[in-house]
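Please find below some notes on strand pairing and aromatic contacts, set out as numbered points.

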Amino acid sequence: MEKFLKCKLKMGGAKDSLKAFLFTVIALIAGSMLFVSCAGGAGGGSSESTATSLCVRMPTTRATYAVSDVVIFTVSISSSSYSSTKSCGQGESLTFANIPVGHYSVTAYGKTASGNIAAKGTTSVDVEANITKQVSIKLSRLDFYTVTFKTDAGSTTPYTTQKVTAGYTATKPADPSSATLPAPFSFWATSATATTAFSFATPITSDITLYAVCGATTAATSFSGTVEQFLATEFANTSSDTSPYPITITGVTNDNLDDIIDHLREFSTSDGTKRLWCELTLSGADLTEIYGNAFGGTVCIKYITKLRLPDSVTKINGSAFAGCENLCDLELPASVEEIGGEAFYSLGSASGVGVAITLPASVKKIYSDTFSSSNLTSLTVEGENSWNATGSAPAAGITIDVSCITSTFSPVTTYSRD
């Protein structure tokens, strides 16, 4: 390149010198671009590329860590349209290859061998086409606090303890055995005589001791709020079939429905020692399906007396509410298209109240034994759907075979169509 430029300068006068000068500038710019592209690693290449790489380097010193035995780092990058997570060791680098060009948030967590978060660092970076970016994450110190759970306020031996990173939340432990307590366990609280349960959605900012409150009746007797708030709520053991708690949960999705059901089961044990009688209303545009055995099955939630589902639900799978024997007030949303076998097995069978069911016109498919052994007294089929008690083909719509509503406790006395 140098010899070539010297030749060009010797070949002409001022005009040629100007051309050579411009050529030199262009060459220097091109060389600089090539250096930037190559310096970061695998990111240079064709100008037609629409994606590049991001290299994240972790620190080599542990001086800034809260815990001295960090063994692995987990790094997450995310944008509005892309996210990825990888892990590496101390002093190592991670490369996220072929990621879309854009603005990214980069978060790194240092973890110990036991999995506790030891340190955290977050930065942001603009990733441009054809140029590999390399960033170093500096991890700052995060303090740990101890959450101590006690079943006896005077005891020096805790029920259990948890190490919680500052600003994070504690995990509710398993309920202590009633055999070790002076009265049935009610909830965890900040004192042994508290009347309000501790919310496990509360960030931990210092060492704290929580006490088992037994025999209390002043925890929540109703609920209306988000899924997160519901999961942090303790319920009093005072509900009954004549005074069920109204529970309305918003923001329910297919993914968090299982968490809701698990929390309900905490207060509705299979042996009947806890009975959360409730009128349950679920709300959320992203709840489209009730999975099989959700509320039913081996550990069924027997004490729901009233159920309302959002209009987003299109499918109720087999045995979804099987065994919900006190459910006698059920309103199916107009969005339901499919109902699985034994979905409402033994509906209302323990309530002594006849159950009237309306199948909305949206239903396209219903399996056998859907309402078998239920205390079903009437069935209304809306729209163009048809009731078929004899097995003959319907004129239009779906066929609902008589086996789907076999009633053990009382006969179906009304079949009708809107």
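1. The model is predicted. In it, the count of aromatic pairs comes to 14. Two of these pairs are taken up below, followed by a cluster, a charge over a ring and a strand with its partners.

2. Tyr 159 and Trp 188 have ring centres 5.7 Å apart and planes at 35 degrees, so the pair is classed as tilted. Tyr 159 belongs to the loop between β9 (144–150) and β10 (160–165), whereas Trp 188 belongs to strand β11 (residues 185–189), so the contact ties together parts that are 29 residues apart in sequence.

3. How buried or exposed are the members of this pair, Tyr 159 and Trp 188? Tyr 159 has a relative accessible area of 34% and is therefore partly exposed. Trp 188, at 0% relative accessibility, counts as buried, because the cut-off for that class is under 20%.

4. Trp 277 and Tyr 303 form another tilted aromatic pair, with 5.0 Å from centre to centre and 55 degrees between the planes. Trp 277 sits in the loop between α4 (257–266) and β15, and Tyr 303 in the loop between β16 (289–290) and β17, so this pair links parts 26 residues apart in sequence. Trp 277 is buried at 9% relative accessibility, and Tyr 303 is buried with a relative accessible area of 7%.

5. Which residues form one aromatic cluster with Tyr 159 and Trp 188? The other members are Phe 149, Phe 185, Phe 198 and Phe 200.

6. A charge over a ring is found at Phe 96: Lys 86 lies over the face of this residue, at 5.1 Å from the ring centre.

7. Strand β17 (residues 304–308) deserves a separate point. Four of its five residues are buried, so the strand is largely enclosed by the rest of the structure. Strand β15 (residues 278–282) runs parallel to β17 and is joined to it by four bridges. Strand β19 (residues 329–331) also runs parallel to β17, with three bridges between them.

8. Which residues stand opposite Arg 308 of β17, in β15 and in β19? Thr 281 stands opposite Arg 308, with residue 281 falling in the range of β15. In β19, the bridge partner of Arg 308 is Glu 331.

9. One general remark applies when inspecting the strands: in a regular strand the side chains alternate between the two faces of the sheet.

Methods:
Residues numbered from 1 in each chain as written. Predicted model: local features only at pLDDT ≥ 70, side-chain atom pairs only at ≥ 80, totals over all residues. Heavy atoms only, no water. Buried < 20%, exposed > 50% of the residue type's maximum accessible area, 1.4 Å probe, protein only. Helix = DSSP H or I, 4+ residues; strand = E, 2+ residues; numbered from the N terminus. Pairing = 2+ DSSP bridges. Phe/Tyr/Trp six-rings, centres within 6.5 Å; stacked < 30°, edge-to-face > 60°. Lys NZ or Arg CZ within 6 Å of the ring centre and 35° of its normal.
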